[in-house]
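Reader: I would like to learn how to read a few features of a model. Please take them one at a time.

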Amino acid sequence: MSDDSKKSAPEPSYLTAKRGLMSWLVTVDHKRIGLMYLGATAFFFLVAGLLAIALRTELLTGEQDFMSAATYNKVFTLHGAIMVFLFIIPSVPAALGNFMLPLMLGAKDVAFPKLNLLSFYVYCIAAILLVLTLVLGSLDTGWTFYTPYSKTTGAAVIMATMGAFVAGFSSILTGLNFVVTVHKMRAPGMTWNRMPLMIWALYATALIQIMATPVLAITLFLLVIERTLSIGIFDPAMGGDPVLYQHFFWFYSHPAVYIMILPGFGIISELVTVHSRKHIFGYRAIALSSVAIAVISFIVWGHHMFVSGQSELAGIVFSFLTFAVAVPTAIKVFSWVATLYGGSIRSTTPMWYAIVFLWTFTVGGLTGVYLGTLSIDVHLHDTYFVVAHFHYVMVGGTVVAFLGGLFHWWPKMFGRMYNEFWGKVSSVLVFIGFNMTFLTQFFLGHQGMPRRYYAYLPEYEIMHRVSTYGSWVLAAGLFMVLFTLLAALKKGERAPANPWNAVSLEWQTASPPIEHNFHVTPRVTGSPYDFPEIDKSGHH
């Protein structure tokens, strides 16, 4: 195509370049694959969220309300397994990451486009396997599949573990693709010190995905062998060690917690700097702290096992390392707050979500340090305090960042602006509902309410009621997000190429982008955060 003919007719966007269902199913365009991931993960978020609402509604009173104890166990297991393996782990890297990574690097696509499509189909197979457990009589082990119980309970364990096993491969393929793309396909002039922080976060996440996920695969595979052949790896009756399973499982699952939260950190770094029009404070510190978190995350798994009978020395070492991982995280939080300080903060929906994140994630992080203290963890282990802490990091962190990122990049992805008023209302509802739901659970846990119980003593009822009402408010906020964004597609105003006046490369393409992202490969000459509006005298 000559340059003259390009100028005469505007090139169609990636959404309209090819038409028909088949063009989506066999696409190798990273943007379309990102959208398919977005649809799939959003669907499983809905499923797992409805299961959570069912749980909270059952807990409205201490008696049996509408499900039996056995059903309750199955519901919370499926809630956890679907939420972790099919939503939180793939949501930001596979949906937003796939869409944005090449655009932010100034590349035409990821390094291995066909592998990218394969990773999506592998994810779909994993989802089918996990959903099939419902047909096979479901699963009641908890999302962690702890032995020896998972060796002896119902039939669906093998199907569910294979689902998580296969989901791991999707994770590994995405991670490999991202690492190669970041190393090999940056635009000319984009040095490591000029990469957007979102890319740093996705890169650190990809490293964890590649290194940690095989351990989960081997662990789950051993569990399947144990169930089918009764070898005695984890079964104490046959000379096995059930605690060994916990070591294996958390050696993957603790880094996996950072697979879930690191991309969220990347999103917040973008939101805070773009919507306060100020160069990010401590760019290099934020970038390297992502890598530091990736490294340290591999050596803290034992803090899940303080009461499992490991030696006192191991407990002390793991406790100390848990405090260490708080340092790079704190560096990020302080840098974000310092960026806001003296910035010209815009009252946009993404900014509101970023501020919600700063509040909720900080609570999650600080309670993590608290739980990392040996003497305290012994008392709070397996209580609602742990449930609250985990949800403050995962929902208050990852999900809130994910929503902020969706609002931030939605105009770029679909070329439509959403209604700012309803976007902000959704952020307020999410904030209020989330804190009502989980702040009360810290107090419940402190009073000794164990997690995963479906009946409880009358003195816990007031807080359980508040928590359940909060979950309904949170659900209302999330549905409002859905309606606001879908309404934007129908009747939103056309988005300009750069509605936020950002500097990074993804805003230099059309909205929505053309199929190959850029007409001409962009050249990078400065930082992705050099905003013209603010006086830089204080910035070094």
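Reader: Which helix supplies the largest share of the nonpolar patch?

Author: This is a predicted model, where local features need pLDDT of at least 70, side-chain atom pairs count only at pLDDT 80 or more, and totals for chains, interfaces and linings use all residues. Residues are numbered from 1 along each chain as its sequence is written, and side-chain values use heavy atoms, with hydrogens and water left out. Helices are DSSP runs (H or I, at least four residues), numbered from the N terminus. The largest share, 5 residues, comes from α16.

Reader: How is such a patch defined, and which residues form the nonpolar patch here?

Author: Patch residues have over 30% relative accessible area (Shrake-Rupley method, 1.4 Å probe, only the protein chains shown counting as cover). They also have no salt bridge (a side-chain nitrogen of Lys or Arg within 4 Å of a carboxyl oxygen of Asp or Glu), and nonpolar side chains (Val, Leu, Ile, Met, Phe, Trp, Tyr) are joined within 5 Å. Here Leu46, Leu50, Phe479, Leu482, Phe483, Leu486 and Leu489 form the patch, together exposing about 620 Å² of accessible area. Both α3 (30-58) and α16 (461-491) supply at least two residues each.

Reader: Where are the cis peptide bonds that precede proline 148 and proline 512?

Author: One joins threonine 147 and proline 148, with omega about 0°; proline 148 lies in the loop between α5 (113-135) and α6 (149-152). Another runs from serine 511 to proline 512, with omega near -10°, and proline 512 is in the segment after α16.

Reader: What is the phi of phenylalanine 145?

Author: Phi is near 55°, a positive value in a residue other than glycine. Phenylalanine 145 is also in the loop between α5 and α6.

Technical notes:
Patch = residues over 30% accessible without salt bridge, like charges linked within 9 Å, V, L, I, M, F, W, Y side chains within 5 Å.
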